[in-house]
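Reader: Could you walk me through this protein chain, step by step?

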Amino acid sequence: MPFDVQDLSGTFSVGDIAIALSLSFVLSAMIGWVYRFTHRNVSYSQSYVQTLVVLGMLIALIMLVVGSNIARAFALVGALSVVRFRNAIKETRDVGFIFLVMGVGMAAGTRFYTLAIVAAVAISLVILLMYRFNWFASSVQRQVVKVQVPPDGNYTEHVQDVLIAHTSEFELVSIESIRGGALNELMYTVRLKKGHEPGQLIAALGERTGGQRVTVLTGYDQTDL
């Protein structure tokens, strides 16, 4: 029995369009929900999540147009090469979600519907598992300490004496001259000793710096004096 091979280059029906766009929308929206649910920081952007959904549908549309036509693929690459995006990606995980919706959109647009569904669901479950069980989290909690001191005197040594007493380790990150040279701002990364609170460190530093500003930045909040 001879095989009936049909060339699908550039051929698609209205049903193909409806299925590809609908599926890419549903799966991209699901991925956007996963992104919102697992987002931890304050840099959440509704616009970014909406862009993920639109991007998934656009990729599906592009794949429908290209099909298996090599000439169209190269023409599309040339057309898109003139596009420039200047918005910086705030987190590395955001790049992963962009590639995820692109992959799902490509699978839906090339009519690999089962692959698109299975891949989107499986990868989303992996993301939810990593979020739920807090995989790869670092057990070491560090703080950032900013201290303003006069440029003259031994204030830097006094600050380091306080850090030795209240922290298990510290490192000087930067020294910056501020207020026209009237003050120096010292920035340290520190790890507080067990039983020591940021407020205690601030009080001790305030006594040694002549009442100048002291700031301790922790993982989720900021303590200031």
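Below, a student's questions about cores, strands, salt bridges and a surface patch are answered in turn.

Author: A note before we start: this is a predicted model, where local features need pLDDT of at least 70, side-chain atom pairs count only at pLDDT 80 or more, and totals for chains, interfaces and linings use all residues. Residues are numbered from 1 along each chain as its sequence is written, and side-chain values use heavy atoms, leaving out hydrogens and water.

Reader: Which helix gives the largest share of the largest nonpolar core?

Author: A nonpolar core is a set of buried Ala, Val, Leu, Ile, Met, Phe, Trp, Tyr and Cys residues joined through side-chain atoms within 4.5 Å. Buried means under 20% relative accessible area, exposed over 50%, and partly exposed in between (1.4 Å probe, protein chains only). The largest core has 17 residues, with Phe 97 and Val 104 among those with the most contacts inside it. Its largest share, six residues, comes from helix 4.

Reader: Is strand 1 largely enclosed or open?

Author: Helices (H or I, at least four residues) and strands (E, at least two) are DSSP runs, numbered from the N terminus. Five of the seven residues of strand 1 are buried, so the rest of the structure leaves strand 1 largely enclosed.

Reader: How many bridges join strand 1 to strand 3?

Author: Two strands pair if DSSP finds at least two bridges between them. One bridge partner of this kind is Asn 184 in strand 3, which matches Val 149. The two strands run antiparallel, and the bridges joining them number seven.

Reader: Which residue meets Arg 111 in a salt bridge?

Author: A salt bridge is a side-chain nitrogen of Lys or Arg within 4 Å of a carboxyl oxygen of Asp or Glu. Here the N to O distance is 3.5 Å, and the side chain that meets Arg 111 belongs to Asp 16. The pair links distant parts of the chain, 95 residues apart: Arg 111 lies in the loop between helix 4 and helix 5, and in helix 1 we find Asp 16.

Reader: Is Asp 16 buried or exposed?

Author: Its partner Arg 111 is partly exposed, with a relative accessible area of 24%. Asp 16 has 18% relative accessibility, so Asp 16 counts as buried.

Reader: What is the area of the nonpolar surface patch that includes Trp 135?

Author: Patches are made of residues with over 30% relative accessible area and no salt bridge: like charges are joined within 9 Å, nonpolar side chains (Val, Leu, Ile, Met, Phe, Trp, Tyr) within 5 Å. Trp 135 has a relative accessible area of 42% and is therefore partly exposed. Together with Val 126, Leu 129, Met 130, Phe 133 and Phe 136, Trp 135 makes a patch of about 640 Å².

Conventions: Areas by Shrake-Rupley, 256 points an atom, 1.4 Å probe, with all protein chains shown as cover.
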